[in-house]
Amino acid sequence: MKGFKDKNCKNCKQDLPVYMFKQNKEVNPDNICNKCLRTVKRREYRYAKDVASRQIMSIALRSGHLIKQPCEECGQVSSVDGHHPDYEKPLDVIWLCKVHHAREHARLRKLLAESDV
Ligand SMILES: [Zn+2]
Ligand SMILES: [Zn+2]
Ligand SMILES: [Zn+2]
């Protein structure tokens, strides 16, 4: 295309026209294309939500508003962690052991990856 130089996105490794890149260093410090930027932003947003809901959860645990339960999958009581199916509801917690918590996140990641396409 005339007037548009291709640029390589460091994230998806695709050569894309420059208008697919945000020039603002603050918005796009890693120089990745708009599509990747959107995915990264969504991931950061989810991460921030996760951290926030974890903080609320630990306060609720300490004050006794929330009580740890055995893993919902296998009934194990040690190293049980609270999982948030909905980050908007930090006190809506599913209790899962390390193994099942990791499995649940792997499942969610797969779901998200499929919906990202
Ligand atoms: Zn990209
Ligand atoms: Zn379990
Ligand atoms: Zn979780």
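# A walk from the core outwards

Start by selecting Met 57, Cys 71, Val 93, Trp 95, Leu 96 and Cys 97: these 6 residues make up the largest nonpolar core. A nonpolar core here is a set of buried Ala, Val, Leu, Ile, Met, Phe, Trp, Tyr and Cys residues joined through C-beta atoms within 7 Å. Buried means that 20 or more other C-beta atoms lie within 10 Å of the residue's own, exposed means 12 or fewer, and partly exposed is in between, with C-beta atoms placed from the backbone. Now colour strand β4 (residues 94–97), which gives the most to this core, with 3 residues. Strands (E, at least two residues) and helices (H or I, at least four) are DSSP runs numbered from the N terminus.

Before going on, some ground rules. This is a predicted model, where local features need pLDDT of at least 70, side-chain atom pairs count only at pLDDT 80 or more, and totals for chains, interfaces and linings use all residues. Residues are numbered from 1 along each chain as its sequence is written, while chains are lettered from A and ligands numbered from 1 in the order in which they are written.

**Colour by confidence**

pLDDT is the predictor's confidence in each residue, from 0 to 100. The protein chain has a mean of 90, and 95% of its residues reach 70 or more. Among the elements, β4 has the highest mean pLDDT (96) and α2 the lowest (88). Where pLDDT is low, the predicted coordinates should not be read in detail.

**Zoom out**

Switch to cartoon and you'll find 2 helices and 4 strands. Reading from the N terminus, the order is β-β-α-β-β-α. The chain is more spread out than a compact globule, because its radius of gyration is 20 Å, well over the 13 Å that the globule rule gives for 117 residues. That radius is taken over C-alpha atoms, and the rule is 2.2 Å times the number of residues to the power 0.38. Along its principal axes, the C-alpha trace spans about 65 × 25 × 20 Å. Of the 117 residues, 10% count as buried. Two residues are in contact if their C-beta atoms, placed from the backbone, lie within 7 Å. Among contacts between residues at least 6 apart in sequence, 29% join residues at least 24 apart.

**Select 34–62: helix α1**

Put a distance label on the end C-alpha atoms of α1 and you should read 42 Å. That agrees with the span expected for its 29 residues at 1.5 Å a residue, where the expected span is 1.5 Å times one less than the number of residues. Which residues of α1 are buried? Pick out Cys 36, Ser 53 and Met 57. Strand β3 (80–83) is included in what covers them. Just after the helix comes Gly 64, with a positive phi near 85 degrees.

**Back to the N-terminal side**

Select Lys 13, in the loop between β1 (6–8) and β2. Lys 13 isn't a glycine, yet its phi is positive, about 60 degrees. With 7 C-beta neighbours inside 10 Å, Lys 13 counts as exposed.

Move on to Val 18, in the loop between β2 (15–17) and α1. Val 18 is exposed too, with 12 C-beta neighbours inside 10 Å. Draw a line from its C-alpha to that of Ala 52, 34 residues along the chain, and the separation is 36 Å.

Met 20 lies in the loop between β2 and α1. Is Met 20 buried, partly exposed or exposed? Its 18 C-beta neighbours inside 10 Å make it partly exposed. Leaving out residues up to four places away in sequence, Met 20 touches Cys 33 and Asn 34. The C-alpha of Ile 32, 12 residues away in sequence, is 8.8 Å from that of Met 20.

**Around Cys 97**

Go back to the core and click Cys 97. Not counting residues up to four places away in sequence, Cys 97 touches Cys 71, Cys 74, Gln 76, Ser 79 and Val 80. Of these, try Ser 79, found in the loop between α1 and β3. Ser 79 has a positive phi of about 45 degrees without being a glycine, and is exposed, with 11 other C-beta atoms within 10 Å.

**Last stop: helix α2**

Select His 100, in helix α2. His 100 is partly exposed, with 19 C-beta neighbours inside 10 Å. Beyond its neighbours within four places in sequence, His 100 is in contact with Cys 71, Glu 73 and Cys 74. The C-alpha atoms of His 100 and Cys 74 are 8.2 Å apart, with their positions 26 residues apart along the chain.

Finish at Arg 107, also in α2 (residues 98–116). Arg 107 counts as exposed, with 10 C-beta neighbours inside 10 Å. Its C-alpha lies 19 Å from that of Tyr 45, 62 residues apart in sequence.
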